[in-house]
Structure formats: C-alpha cells, structure tokens
Amino acid sequence: MSFEGTTTWQVIVEETAEYKENIDEKAYFDKIICLWKEYPNAISNRITTSVLIDEDTDAWKEVISVFNSKYKFDPSNCSEITISKFIPKVRPSNTQNFSENAYELAFYEEDFLVRFYPVVLDDKEHPHFASPYSIACRVPSENALTLQILKPSNAPDDHYKFLKNSAFKQVFTWMKGIDLSKTSRKTNSLIDKESYARTYRQIREDYGRVLVQGWTENSNPHKVIFEDCGIAAYIIELINRVLLPKPKKFVDIGCGNGVLVHLLNKIGLNGYGVDVRQRKIWNTTLKDVDLRESTVEPQFIVENQPHFDADVDLLIGNHSDELTPWIPVMAAKLNCNFFLIPCCPFDFFGKFSNTGSYLGPKRMTSQYESFFEWTVSVADRLGFDVKLDRLAIPSTKRLCIVGRVPERGLCPNLDTTIQKMTQGQKFVARPREIKNNNCMHLSVTDRERIAKKLFDYILKSSDEVRDGWRCGGEVPLAQLAGILSDEDKKLMKDQDGGLQTFLRNHHQIFHVFKAAARLRDFRQPVVKKQRPGWTQPKQAPKMKSPCWMSLNHPDGCPVGPEACRYEH
C-alpha cells in the first residue's frame, strides 16, 4: 500500500447530526478529535488508555523513523502532529499477542480532516486500528455536521468493519451530545498513565483476582474489587509523583468491605479502616486486616480530642456519604493530607441542596457537580493545596479531590473558619442499625387496600386479553398517583417511599417500566441486564406467600398452580 502523497481516500460511513441552534463547527470537530484521541478505551476493549508522546523524545524520533520507512513520506511538515502510545489490556486468558510498543501518528490535513496512521515498533499486532484511516466532517448547514470515516481506496474493506460498524456509532454519539460550555476533565491527569497501567495490572493480578475467587459478599466482585484496585494504584502513583507524601499511617473512613485497606497494606502502605458497621468478610477473607467497627465523630477532632491513632497523617474517603465534607475539616485539624472521592451529596448536617456553582462565574450545575464544587470550596477555604482529577475506575462517581497541607501551612484562624462553615452545629452520626423504610412497614390492611385500588384501576384501564387472561393496560405513574388519596400519599411519604417504591415492592402484582405500570404476567419473559461473573439461579425459588392473582384476579393465576412461584 503506497502513501507517497498519491493515495486516494473513500468514505466508508457517514451520518449527519442536526442541532437546535447554530454551532461553532470547527470547535465541535476539534472536540470530537480530542475525545477520540483521549478515550480509545471507550472505542475498543483492548485498550487501557493512551499516552501522548512528547516531541523530541527518543520515542518520538523512533516513531517518525519507522513511519517514514513504512509510509514513504515525511510528516514533519504536517499540521498539529500528535503521537499517541496505546497501553493494551492484558488478560490471562488472552491469546492475542498485542504490541506494547504500539503508537498512532495523527495530523490535520485540512481544518475538518485528520489522518491517523498506526505504527508498531515490534512485529506484534496493533491493539487499536492496524490500518490507516481518517476522520472528517462536512458542514451542510449552520446547525448541522456530517461525520465521516474514510479509508485508503486500495485498503481491504474487511480491515475496517469494526471502525465502520462499532467505533463510528460511539464517536457519532459523542458528536450529537457535545456541550462546549462544560469543562471536560481528563482522566488520570495528575499521574503518569503508563506507570498507572502497570501498577494497576500488578495489583489486580497479584491481589485482586484472589479476592474475586473467594468473594462471599452479595456485591459484584468484578466491579467492587477491580474498582478498589484502581483506587489503590492511583494513590500509589500520587505518592510516586510526590503529589502526596508517603503516609506514616492512613485511615480509610467509611471503609465498607475493607478491600481498599487490604490492597493498600499489600502494596506497602500502613493503615487501617473504620466503619460504623462491620461486614461478614472482615471475619473471613480479611480477618488479618486492621478494620474497626466504630462511629466516626468529627466533633471530637474539631474539639481537639483524640479519635484516630496518633500517627495518622492521611485521611481517605471513598464514597463516605455524610462524612464527605467533614474529611477536609478533620484533616485540617490533624494538619494532615487527604484523598477524597465524593459520592452521595451531603452537606455538614444533612442532604446537600444545589444552589448553583461554587467555582467561577455563577451558573447552574447538576446536583452532583454542585456538591463536588462545594466540597472543593471547603478544602480551599481551609487552606489546602487542592488538586482535582477523574479516576479510571468503573464507577459513575469517580471525581477525586487531593488535599495536601502546603509548606506555608493551612489558613490562619482555622478554628474560626471551621466555626463559620459549620455554623457551630454538631455532626449527627449515622446509627449502626438503619431502619429500612420502603413502604413495606405500612400496616397489612393499608398495603392490601392500596394495592387492590391500583390493581383494579390498571385492570379496568384496557380490555386487552392475552391467551384468555385479562391483562389490563399500561398506565403512567402520574395517572395512578391521581387516584390515591392524600392520606395514602402521606402514608407512603412517612415511610421514605412513594408510589413507584410501593409498586416495585409489590412485584408479584405490578411491573414498573419507564414511568408506567402494568399487571405482572409471569408468562412474559423478563429481560435482566447480565453482569460479568454473575451467575443466575437455574430456577426461581418457591415463595411461601399466597398468589395474589389467584385470590384477586377474575381469571385467576395466568400460569396455574403447578408453574406458579407462589402458594395456591
């Protein structure tokens, strides 16, 4: 295949996105190219991440040399050249021999046209795309963009099936949803991505897989354990880059199952975990890990009373709920550093209320974004050297805050600052036993009365008959709410629940889907999302509760007493 400047290219797939208003076409195209380069792992499950190579390094020069030899032209005069190195995923069962010296050289040939050329520095297979391709855009109007992917005309079509059928869908989805007003946070921006990939791989293979095999908790081990492997690897890389000093002792506040503490101990960090409630795994797999069942009382530390071990100099908060904003406060009083991954929005004394942006110009943000920014503002006011990042972990909440005590010290009048932020109120700790209010604590009489009212309404909403069984209609939840009395609604609200919670807890009777409800028909297949490593029971267990349909439906149970899970 020749690339001496005479190559012709052909479009293999294109689609047009239309927008409600006029757009900055060039900014949109540049954003797409940026996302494509930065998140190859969103395109291909063979890739962990990519790393931009600095110009004038040995790696840059070697890639240029191999490129010149392979493609027979010198790219040095091209515009906006970038070279990315790809870090492939490595799995024990993977028989593919993907190169760990795989690169991609890209450049702008025109304002709306970028060429991509793969380069490997060994004889192994490229883990991303092994053949050259291009991404381009046409501008059919001021509020539309046509995205295109092109290939060299003389390249075999079968080399581009994945690019055409799968990768294009992802990049087109990005293009339709671009919002230039939002700040794009890069993943693992504070650390060396290549070093992180190696560290994560080592932790996962040496310690993570053993935990997965012996997992006894009810959660999905592949998500829970590998997520903590990623957090442990990230903390180690922060220490390696001296963004955090190596702690004498850390404490993981709200440590949950204790896996993160176990992993950090294994890789050489001394510390312990504390949680209001111990887990079963503490006494089995993690019986040798220092995990303490105890209530954390921030007020003790604010009032200069001993609470953690005396030599603790790093506080870790990984989804620590109502303790999240208190972690920077406790770290400030202890004059120590902290690492925090905020999750559920809580302020100092209850649920967090979104009042807009806390950083920069006043603007409305999402509930979580506003909470995250407010938590950052707490650390800023206390005087920490604050750095923000986005972790490469399988979680929707993966923004982190790294707080380090600066050499000049924290803010003057620290106690006064804390007093102003907390308004002098005291933190109320979560009880060890949490009452599960989900509408199931209503009296049996009230539950049956409300269920019968909803059941009758849905049944009468349609005359549809399915194989001799009247199945009723599909009724919007808002419409169902309209038939409930104010007393019914108050009963549900007092149980921290609502209509949808009530319906879902009566799953023998109702099926809730997309803000609507219908009667449950166990003859209909139920499609559930499968999770990796998750095994479904071969046969649903028999229930002791009576069959509602047998007792209340005019046509009786749709599946009959032999096949029904419930008692007849």
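Two strands are taken as paired if DSSP finds at least two bridges between them, and with that in mind the tour of this predicted model can begin at a pair of strands.

Select strand 18 together with strand 19, residues 516–519, and you will find them paired in the antiparallel sense over four bridges; within this pairing, V512 has A517 of strand 19 as its bridge partner. Now add strand 17, and the view holds an open sheet of three strands in the order 17-19-18, with antiparallel pairing. Strand 17 (475–476) and strand 18 (510–513) are the edges of the sheet, and because each has a single partner strand, one side of each is left without a neighbour there. Next show helix 11, residues 444–460, which packs on the sheet and touches strand 17, strand 18 and strand 19, its direction making about 85° with that of strand 19.

Move on to helix 9 (residues 367–382) and helix 10 (residues 414–422), which pack at an angle of about 155° with their axes 10 Å apart, and which are therefore roughly antiparallel to each other. Here V378, R381 and L382 of helix 9 meet a group in helix 10 that includes L414, I418 and M421.

Finally, turn to the largest nonpolar core, where, among 42 residues, Y234 and F339 touch the most other members. Helix 5 (221–240) and strand 12 (337–341) are among the elements that each supply at least two residues of this core, and helix 5 gives the largest share, twelve residues. Centre on Y234 and, beyond its neighbours within four places in sequence, look for its contacts, including Y196, F339, D389 and C400.

Note on methods:
Residues numbered from 1 in each chain as written. Predicted model: local features only at pLDDT ≥ 70, side-chain atom pairs only at ≥ 80, totals over all residues. Heavy atoms only, no water. Contact = heavy atoms within 4.5 Å. Axes fitted to C-alpha atoms, helices over the stretch in contact; angles between N-to-C directions. Parallel < 35°, antiparallel > 145°, perpendicular 65-115°, else oblique. Core = buried A, V, L, I, M, F, W, Y, C linked by side-chain atoms within 4.5 Å. Buried < 20%, exposed > 50% of the residue type's maximum accessible area, 1.4 Å probe, protein only.
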